[in-house]
Amino acid sequence: MMNEEEQEDLPQIEERPSSSNLELEYDTDGSSESDSSDKEVVSPLAVGSAKPVKGEAFCDCYKTGREKECICGEDDAYFEWKWDNNSKSAASFLKHDQREVVFHVDYSCGTAAVRGSQIMGEDQYYWEVKMTTPVYGTDMMVGVGTVDLDLNKYRHKFCSLVGRDGDSWGLSYTGMLHHKGHKQTYSSKFGQGTIIGVHLDMWHGTLSFYKNRKPLGIAYRGLQGKQLYPVVSSTAARSGMKVIKCRSFKTSLQFMCCQVLRTVIPAHLDVLKVIDMPPGLREFLENNISWLLQPSPFETPTKSSSEITSYSRGTKRRRSQDDYDGPSTSKCAR
């Protein structure tokens, strides 16, 4: 197996979509010695592909050829932060009021990244990143990192940048979690049109992801006391990602109550529609944490109409285990 120094000397080629070729990522087992055969070894975990991922979009626009004009899921008009023009790789181009980044506009010979403009330290943070182009190559990633994450370190090398060191925590489009160079299975792949949601809970020190607004569970723990930024990276030529939602708010009893409600109300139901509440409170929750309270688009109803209406009427009834269909906690949570 090749060590880190030997990997740096590997020739780099342009990374672009292909229907027949497979981009292989080299991985190290952490040993200081290289294998005596000095052969190229592919990681036994998921690797990137030169063939774009299909069938993972939030909507049907990508099935009907309307991907260029697709704005599905892009309902917000207010954004707390955008991609930082002063904290990006040279191969990163920003557009749409700096909410969308396009990597490697002409061709790719390495890894590019960009950091968000907002530092995240004490509160609750949620944002969504939409994959606006084909997703392929060694890696395209979403996650968080400290200010010490070097966005230009691998500009001449294809790699999984977010999570390659101890200053970043990332989710790859292959469904793998990355931190300190280690990989762990977390979810299915995501592709063009997929919306990846990120919830950074600095009160509990956890980082969770959503795929097409379905919770995937806690990915990382132990982030209390850190100062973090949103980060995305890509090795793929002409690849793009767009921020379509970003919110932050104080950790409060109100938020914790909403978390409990989401676990009690069946996942296929919209909490804001089945719970009676004052219009002002409903509007506030809709504008700030609808991502937590909305139904999962992948769940199917399991309750009768009489059972559903009992939530809004406040009827006391004995709950069964089926009621607890809220966000799951991943087995690979760290």
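Select K250 and D123 first: their side chains form a salt bridge with an N to O distance of 3.6 Å, a salt bridge being a side-chain nitrogen of Lys or Arg within 4 Å of a carboxyl oxygen of Asp or Glu. K250 lies in the loop between β14 and α2 (253–264) and D123 in the loop between β4 (112–116) and β5 (124–131), so the pair ties together parts that are 127 residues apart in sequence. Helices (H or I, at least four residues) and strands (E, at least two) are DSSP runs, numbered from the N terminus. K250 is exposed at a relative accessible area of 57%, whereas D123 is buried at 16%; buried means under 20% relative accessible area, exposed over 50%, and partly exposed in between (1.4 Å probe, protein chains only).

The model is predicted, so local features need pLDDT of at least 70 and side-chain atom pairs count only at pLDDT 80 or more, while totals for chains, interfaces and linings use all residues. Residues are numbered from 1 along each chain as its sequence is written, and side-chain values use heavy atoms, with hydrogens and water left out.

**Salt bridges**

Across the whole structure, a search finds eight salt bridges. Side chains of opposite charge can pair when their charged atoms come close.

Move next to K242 and E74, whose side chains meet in a salt bridge at 2.9 Å, N to O. K242 lies in strand β14 (residues 239–249) and E74 in the loop between α1 (4–8) and β1 (83–88), so this pair ties together parts that are 168 residues apart in sequence. K242 is buried, with a relative accessible area of 9%, and E74 is buried as well, at 19%. Add K130 to the selection: E74, K130 and K242 are linked in a network of salt bridges.

To display the surroundings of K242, select the residues in contact with it (heavy atoms within 4.5 Å). Not counting residues up to four places away in sequence, K242 touches E74, H96, R99, E100, E128, V129, K130 and T132.

For another salt bridge, select K63 and D60, with an N to O distance of 3.9 Å. Here K63 is exposed at 68% relative accessibility and D60 is partly exposed at 47%.

**Cysteines**

Select C70 and C59. Why is there no bond between the sulfurs of C70 and C59? The sulfur of C70 is 3.5 Å from the closest cysteine sulfur, in C59, which is too far for a bond. A disulfide is a pair of cysteine sulfur atoms within 2.5 Å, and a search of the whole structure finds zero disulfides. C70 is buried, with a relative accessible area of 9%; C246 is also buried, at 0%.

**Strand β11 and its partners**

Finally, select strand β11 (residues 206–211), in which six of six residues are buried. T206, S208 and Y210 point one way from β11, and L207, F209 and K211 point the other way.

Extend the selection to strand β10 (residues 195–201), which pairs with β11 in the antiparallel sense over six bridges; two strands pair if DSSP finds at least two bridges between them. G197 stands opposite Y210 of β11. The hairpin of β10 and β11 has four residues between the strands, and G205 in the turn has a positive phi of about 75°.

On to strand β12 (residues 214–220), which runs antiparallel to β11 and is joined to it by five bridges. In β12, P215 is the bridge partner of Y210. The hairpin of β11 and β12 has two residues between the strands, and N212 takes a positive phi near 50°.
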